[in-house]
Amino acid sequence: MPHIRRLKNYIPLRLVSRGEKGLVITMKLIELFRECICFDGYIPTPMSGDYKIVFNGRVAEIYFQHSDGFWDWVSNFDFAVRPYKRMDSEWRCHRGFLRVFKAMRDEIAAIIGEAVRDGRIDKAVCVGYSHGAPLALLAVEDLSFRFGDRISVCGFGFGAPRVIWGKLPEDVRERVSGFTAVNVAGDLVSNLPPKLFGFKDPDNVCILASKGDYGPIEAHVYTSIIAELEKIPQKENCKCP
């Protein structure tokens, strides 16, 4: 059963019970999303994936941009499965997203690693929208693998397509347990690639709105996500399947 974890002292996620489990999120989450969709500061990489890093106090915020060009869409639809090995653990994921992430992985790790060694940060938050959401998940796994014994790592993917294929080894599952997909109900992109192909959602999924509130394309656009995030503080809860 997907669940929502609480990251203390940064982005409070609080489970409430009013007949069923629900979610209350502070406005900080919408601030992360607004920064993510802002084009300012993104650094391009060879595989057409863009990222930016913002140091906010003792927190490193790593952002991954949504699709912004032809090659982004080529990667989006490259559904083939590719193994990704960490020490003795091998897991499989979406080949296109992995290719894009590997083109920026070492750059990001070098910047975060320097901040960790200098003692400047104790948290890293990876945030992505659409094409950037699976990159954020891969970044959570990578930074947890490298620095998880020294800093806490979490992430949020908005309108998140699937990147995980098959069953994850337990150590990998633990590393990505800090990632939450935040999708508007009915979002077509968040249902791709299809589960029929073996792809899976992450353990943590938050569904905004109700089925039928938006069409499959409308549910994915950033204005719909913002509209739903703005409603959350006034809602009693937000369903988490």
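Loops, salt bridges and cavities

Q: Where does S130 lie in this predicted model?
A: S130 sits in the loop between strand 8 (123-129) and helix 4. The model is predicted, not experimental.

Q: Why is S130 called buried?
A: The relative accessible area of S130 is 9%. Buried means under 20%, so with 9% S130 meets the condition.

Q: What makes the phi of S130 worth a note?
A: Phi of S130 is near 60°, which is a positive value, and the residue is not a glycine.

Q: Which other residue has a positive phi although it is not a glycine, and where is that residue found?
A: A209 has a positive phi of about 70°. A209 is found in the loop between strand 13 and helix 6.

Q: Is A209 buried or exposed, and how do you know?
A: A209 has a relative accessible area of 17%. The limit for buried is under 20%, so A209 is called buried.

Q: What is the place of L208, and why does L208 count as buried?
A: L208 is part of strand 13. Its relative accessibility is 1%, and because buried means under 20%, L208 belongs in that class.

Q: How far apart are the C-alpha atoms of L208 and A219?
A: They are separated by 9.6 Å, and the two residues are eleven residues apart along the chain.

Q: Why is I217 called exposed?
A: I217 lies in the loop between strand 13 (204-208) and helix 6 (222-231). Its relative accessible area is 57%. Exposed means over 50%, so I217 is classed as exposed.

Q: Which residues form a nonpolar patch on the surface?
A: The patch is made of L188, I217 and V221, and together they have about 250 Å² of accessible area. A patch residue needs over 30% relative accessible area; I217, at 57%, therefore passes this cut-off.

Q: What makes D106 and R146 a salt bridge?
A: The closest N and O atoms of D106 and R146 are 3.4 Å apart. The cut-off is within 4 Å, so the pair qualifies. D106 lies in helix 3 (residues 95-117) and R146 in helix 4, so the salt bridge ties together parts that are 40 residues apart in sequence.

Q: Why do D106 and R146 count as partly exposed?
A: D106 has 48% relative accessibility, and R146 has a relative accessible area of 29%. Partly exposed covers what lies between under 20% and over 50%, so both residues get that label.

Q: How do you know that D149 forms a salt bridge with R150?
A: The closest N and O atoms of D149 and R150 are 3.5 Å apart. The limit is within 4 Å, so this pair is a salt bridge. D149 is exposed, because its relative accessible area of 68% is over 50%. R150, at 47%, is partly exposed.

Q: What makes D201 and R162 a salt bridge?
A: Their closest N and O atoms are 2.9 Å apart, and because the cut-off is within 4 Å, the pair counts. D201 lies in the loop between strand 12 (199-200) and strand 13, and R162 in the loop between strand 9 (152-158) and strand 10 (164-165), so the pair ties together parts that are 39 residues apart in sequence.

Q: Why is D201 called partly exposed but R162 buried?
A: D201 has a relative accessible area of 29%, which is neither under 20% nor over 50%, so D201 is partly exposed. R162 has 5% relative accessibility, and because this is under 20%, R162 counts as buried.

Q: Which residues do salt bridges that share partners join into one network?
A: The network consists of R105, D106, D142 and R146. The structure holds 16 salt bridges.

Q: How many cavities of 30 Å³ or more does a search of the whole structure find?
A: The search finds two. The largest cavity has a volume of about 60 Å³.

Q: Which residues line the largest cavity?
A: The lining includes A133, P134, L137, F179, K200 and P202. R162 and D201 are also among the lining residues. Helix 4 (residues 132-147) gives the largest share of the lining, three residues.

Q: How do the residues of the lining of the largest cavity divide into nonpolar, polar and charged?
A: Nine are nonpolar, none is polar and three are charged. Arg and Asp count as charged, so R162 and D201 belong to the charged group.

Q: What joins L192 and P193?
A: The two residues are joined by a cis peptide bond, with omega about -15°. P193 is found in the loop between strand 11 (179-184) and strand 12.

Definitions and conventions. Residues are numbered from 1 along each chain as its sequence is written. This is a predicted model: local features need pLDDT of at least 70, side-chain atom pairs count only at pLDDT 80 or more; totals for chains, interfaces and linings use all residues. Side-chain values use heavy atoms; hydrogens and water are left out. On a 1 Å grid over the protein atoms alone, a cavity is a set of points where a 1.4 Å probe fits but cannot get out, and a pocket is an open set with protein on both sides within 12 Å along at least five of seven lines; lining residues have an atom within 4 Å of a point. Grid points are joined across faces, edges and corners, and a volume is the space filled by probe spheres set on the points. Helices (H or I, at least four residues) and strands (E, at least two) are DSSP runs, numbered from the N terminus. Patches are made of residues with over 30% relative accessible area and no salt bridge: like charges are joined within 9 Å, nonpolar side chains (Val, Leu, Ile, Met, Phe, Trp, Tyr) within 5 Å. Accessible areas come from the Shrake-Rupley method with a 1.4 Å probe; for residues, only the protein chains shown count as cover. A salt bridge is a side-chain nitrogen of Lys or Arg within 4 Å of a carboxyl oxygen of Asp or Glu. Buried means under 20% relative accessible area, exposed over 50%, partly exposed in between (1.4 Å probe, protein chains only).
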